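I opened this model to go through its chain totals, two helices and the strand pairings. My entries follow in the order in which I looked things up.

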Amino acid sequence: MIHLPQLITDLALILAAAGITTLLFKKIKQPLVLGYILAGLLVGPHIKFIPTVTDNESIHIWAEIGVIFLLFSLGLEFSFKKLVKVGGSASITAVVEVLVMLVIGFCAGMAMGWSTMDSIFLGGILSVSSTTIIIRAFEELGVKHKKFANLVFGVLIVEDLVAILLLVLLSTLAVSQQFAGTEMLVSILKLCFFLVLWFIGGIFLVPTFLKKTKNLMNDETMLVVSVALCLLMVLLAVKVGFSPALGAFIMGSILAETTQAEKIEHLTKSVKDLFAAIFFVSVGMLIDPAILIDYALPILIITLATVLGKFLSSGMGALISGQPLKTAVQTGMSLAQIGEFSFIIATLGLTLKVTSDFLYPIAVAVSAITTFTTPYLIKASEPFYNFLDRKLPEKWTAGIRKYSASTAGITTMSDWKTLLKSYASNTVIHAVILIACVFLGARYLQPFITEHLINGDRGIILALFLSLVLMLPFLWALSIRRIQRKAYTNLWLNKRYTRGPLIAIEVLRILLGIFFVGFLIYQFYDSAVAGLIALVLMIAVLFIFSRKLQTFYDRLENRFLGNLNAREIENAQPEILPWDSHLTELIVAPESEIVGRSLVDLGVREKYGINIALIERGKLMIPTPGRAERLYPNDKVLIIGTDEELAAVKQLFEGNAHEHEVSFPKKDMTLQKIVINSSSPVYGQSIRDSGIREKTQGLVVGIERGGQRILNPDSNLIFENEDIVWIVGNNKKIPDLLKKT
């Protein structure tokens, strides 16, 4: 008898249960994540009346793969460029929300008598909202075009990065079992170092590789290469002491900057969906219904803390960042839930064996409840704002409006701020690269050379020389390269300022360069002479190699910036968003009544108050289209307007399919054969004059006459006796016209 491995049996059980429950949840219009969790509960060890998964260890491995692909997918949607562009409002809102929810979660846990570690992890679980649930709710409620939705998406982007940071910090805390400030600081600096290094290296190498191999890539090879890149970064992250999830997230965010990001996201979606389903099912398998009953009160308390805490913290953060009261209320009520990152944080606590067994099912239960409440909270946000606007004192609402208006105008930067910001980023980026070069030379290059190529001092000198050559372009950029020439010149020539700070900055840059050269030499030779050698080498770099280094560095920088901005250039949108208006994209539905009509005929500006900024028609771009421009099916139209104006015009673009339905079902359109005789109503008439098209919704596609076949006959052809006519049309109307005698 053939023996089937237990893993295959368990996978069949898991996917069957997941398939049934997700169909059910699709039917009742609830998030599929909850269906997966329910499936896990059913096939888990706590439900006895149906078959149970037995090979839990293998399932946990598959679930780990699910976490990897889930984080890879989130990284593809994340993009560090998006993080830079979300602006102060989203960043401030996210930071305030996360900090407040960390405190609320910790205090709630301690108040219920939980351990310190359980309370800390509870704070982490409650601090991050669910991207998946919010996006789905926005799509179902049709509010993605509204202004507050852009702020919410920005907050979610920042929260993704904060969640990655939390995973690292909680792992460090769990291992040390105590809150050691120095150890935490080292972990944060280590994370920041590798984030910068991986991002710079990834953007320099990965898009270039994809461009060079573009002609060799079909869907299959693109999928294989994308998954391979993801898993290679996972291996690298684990090698340096981080979680596999971090590596997957980083590679996803690197690929998000490439021009193939959308294609990669599409190709990997099925893989992600499969493994993510297994992960969420494994989440449900860990739930003990008895624990949920025993901890019903804590679940209720934590749910209320989540909803109220996130509403207040997010709303407060949005107000502090300068958003109007309405946007703040809508943002706060949209973010009032926890989701996939919360499961990952809870899983981390269980894996490291530092949290109690009850914390995990409580987190899942709270997530399930807040998932159900999210659409209702989003829907109620505008009425609740109207209620607040009526009840709050006029002084308060006027003060909020004044504060919001005043912060909106703070966009200018002084020359000092511009210069210091550029110098700081230049120093951080090149310091990270130089540190990486030093450790690469000392820990990998030097052992390889001395073991396989040249032994003794000569091998060490060769490794040192090669390491220094590798560092030279970045030493030049750190210590000599002129940054923000215009701002620097203005400050140098401005008599209100002394030149001392500028000279001090330049001296500091040179000293930093000397330090890194000395640091490199110290890795090879433990000698006080290292500093003197470093000074001599730096002078040589300054006066001998400066021009060549500049040329070489410029090529590196142009390659990096070209890769970094390629996707942005390809999908560029104009920045034209004054006051409360914002930009949204609508697609002209083929059944819409506006198809084929000119803008002057539609009068959308006069009727709806909106402006059409751009029409994208395939590869054709029509900026600020004229009055005579017409709209065609599937045109992508960028529109400027307020939430209310965009909501009104949205229906016009989407159209109403019911108004354009044909008068007979599709199944009634068939191919029919009719024989013409002298008594037929169409005998002696041409195809055009017979009225077949108008009266029967039919089309003559062929005629057999005297053994000759005529395909798609001319409309002037006249029907003759014994013609065999083939007609495509309404099978109920054609016989009535052609068979009359």
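**Chain totals**

I began with burial: of the 741 residues in the chain, 47% are buried, where buried means under 20% relative accessible area, exposed over 50%, and partly exposed in between (1.4 Å probe, protein chains only). The model is predicted, so I noted that local features need pLDDT of at least 70, that side-chain atom pairs count only at pLDDT 80 or more, and that totals for chains, interfaces and linings use all residues. Residues are numbered from 1 along each chain as its sequence is written, and side-chain values use heavy atoms, with hydrogens and water left out.

I listed the secondary structure next: the chain has 30 helices and eight strands. Helices (H or I, at least four residues) and strands (E, at least two) are DSSP runs, numbered from the N terminus.

I then looked at contacts, meaning heavy atoms within 4.5 Å. Among the contacts in the chain with a separation of 6 or more, 77% are between residues 24 or more positions apart.

The exposed surface of the chain comes to about 38500 Å², with 64% of it supplied by carbon and sulfur atoms. Accessible areas come from the Shrake-Rupley method with a 1.4 Å probe; for residues, only the protein chains shown count as cover.

**Helix H12 and Val281**

I checked the length of H12, residues 261–285, against its residue count. The expected span is 1.5 Å times one less than the number of residues. For the 25 residues of H12 this gives 36 Å, and the end C-alpha atoms are 34 Å apart, which agrees.

I also looked for a bend and found one of about 40° at Thr268 in H12. The bend at a residue is the angle between axes fitted to the seven residues ending there and the seven starting there.

Val281 is in H12 as well. I recorded Val281 as buried because its relative accessible area is 1%. Which residues does Val281 contact, leaving aside neighbours within four places in sequence? I found Ile14, Ala18, Tyr36, Ala39, Gly40 and Val43. I also noted Val33, which is 248 residues from Val281 in sequence but 8.7 Å away in space, C-alpha to C-alpha.

**Thr303 in H14**

I moved on to helix H14, residues 296–320, which holds Thr303. Thr303 has 9% relative accessibility and therefore counts as buried. Not counting residues up to four places away in sequence, Thr303 touches Val366, Ile369 and Thr370.

**Strands S2, S3 and S4**

For strands, I took a pair to need at least two DSSP bridges between them. S2 (residues 611–617) and S4 run antiparallel and are joined by five bridges; in one of these pairings, Glu616 has Lys636 of S4 as its bridge partner. S2 also pairs with S3, antiparallel, over four bridges, and Ile615 has Ile622 in S3 as its bridge partner.

I looked at the turn of the S2–S3 hairpin: two residues lie between the strands, and Gly618 in the turn has a positive phi of about 65°.

The loop between S3 (620–623) and S4 (636–641) contains Asn634. Asn634 is not a glycine, yet its phi is positive, at about 70°. With a relative accessible area of 51%, Asn634 is exposed.

**The sheet S5-S8-S6-S7**

I traced an open sheet of four strands in the order S5-S8-S6-S7, with antiparallel pairing. S5 and S7 (708–711) are the edge strands, each pairing on one side only. On average, neighbouring strands of this sheet are turned by 20° against each other, direction ignored; axes are lines fitted to C-alpha atoms, for helices over the stretch in contact, and angles run from 0 to 180 degrees between N-to-C directions.

How many bridges link S5 and S8? I counted seven between S5 (residues 669–675) and S8 (residues 724–730), in the antiparallel sense. Gln672 has Ile727 in S8 as its bridge partner. S6 (residues 699–705) pairs with S8 over five bridges, again antiparallel, and Gly702 stands opposite Trp726 in S8.

My last stop was Asn712, in the loop between S7 and S8. Phi of Asn712 is positive, near 50°, in a residue other than glycine. Asn712 counts as exposed at 56% relative accessibility.
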